[in-house]
Amino acid sequence: MKNAIETQSEATKRETERLNRVADSKAYTVPPCPGWCKEAAGHDYDSIDPGNGGALERHHSWDAPDIGEQHHAWASISACEVSLDGVVTLKAPYIYASADEELTARQARAYSAELLLAANKLDEINGAK
Ligand SMILES: [Zn+2]
């Protein structure tokens with residue numbers, strides 16, 4: 001039993017070392033962002049997915065403009081880009097939205113308007129007509 005635990009520990013250690021080498025190597029190129037991304041051009045990969053072979057990940061994003069005088073809610077679009085062994089995959093963009101649990105009618109209308117803007121933007125990104 002002890003050997004099995006040590007073997008697993010060694011495997012975990014090797015995997016961690018491999019992931020660190022991947023992260024440190026910069027042996028990848030960061031492709032251009034989609035035109036709708038608000039992040040700085042060429043923003044780097046920011047995470048590693050050990051469950052996906054150490055794939056590098058970054059998220060492209062766009063925020064709906066704030067409507068109303070206070071921030072009680074927001075709607076944005078996000079898409080995850082995955083780079084694994086030199087193959088870059090941009091996953092489908094989606095709307096990410098959140099709001100306070102208690103909204104006034106005015107705040108709810110503002111949130112609805114932000115969601116509508118995000119929905120229209122997502123259609124635009126996806127080429128909907
Ligand atoms: Zn981006």
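Two strands are taken to pair if DSSP finds at least two bridges between them. In this predicted model, that criterion is met by β3 and strand β5 (residues 94-99), which are joined by 6 bridges and run antiparallel. Within this pairing, Ala 73 has Ala 99 of β5 as its bridge partner.

The protein chain contains 2 helices and 5 strands, arranged along the sequence in the pattern α-β-β-β-β-β-α. Strand β3, spanning residues 73-84, is also joined to strand β2 (residues 55-63) by 8 bridges, and these two strands run antiparallel. Arg 58 is bridged here to Glu 81 of β3. A further antiparallel pairing, over 4 bridges, links β3 to strand β4 (residues 87-90), with Val 88 of β4 serving as the bridge partner of Ser 83. The hairpin formed by β3 and β4 has 2 residues between the strands, and Asp 85 adopts a positive phi near 50 degrees in this hairpin.

Buried residues account for 14% of the 129 residues in the protein chain. The largest nonpolar core comprises 6 residues, namely Cys 37, Trp 62, Ala 64, Ala 75, Ile 77 and Ala 118. Among these core members, Ile 77 is in contact with Trp 62 and Ala 118 when neighbours within four places in sequence are left aside. On the same basis, the other contacts of Ile 77 are with Ser 61, Pro 93, Ile 95, Lys 121, Leu 122 and Ile 125. Across the protein chain, 52% of the contacts with a separation of 6 or more are between residues 24 or more positions apart.

Methods:
Residues are numbered from 1 along each chain as its sequence is written. This is a predicted model: local features need pLDDT of at least 70, side-chain atom pairs count only at pLDDT 80 or more; totals for chains, interfaces and linings use all residues. A nonpolar core is a set of buried Ala, Val, Leu, Ile, Met, Phe, Trp, Tyr and Cys residues joined through C-beta atoms within 7 Å. A residue is buried if 20 or more other C-beta atoms lie within 10 Å of its own, exposed if 12 or fewer, and partly exposed in between; C-beta atoms are placed from the backbone. Two residues are in contact if their C-beta atoms, placed from the backbone, lie within 7 Å.
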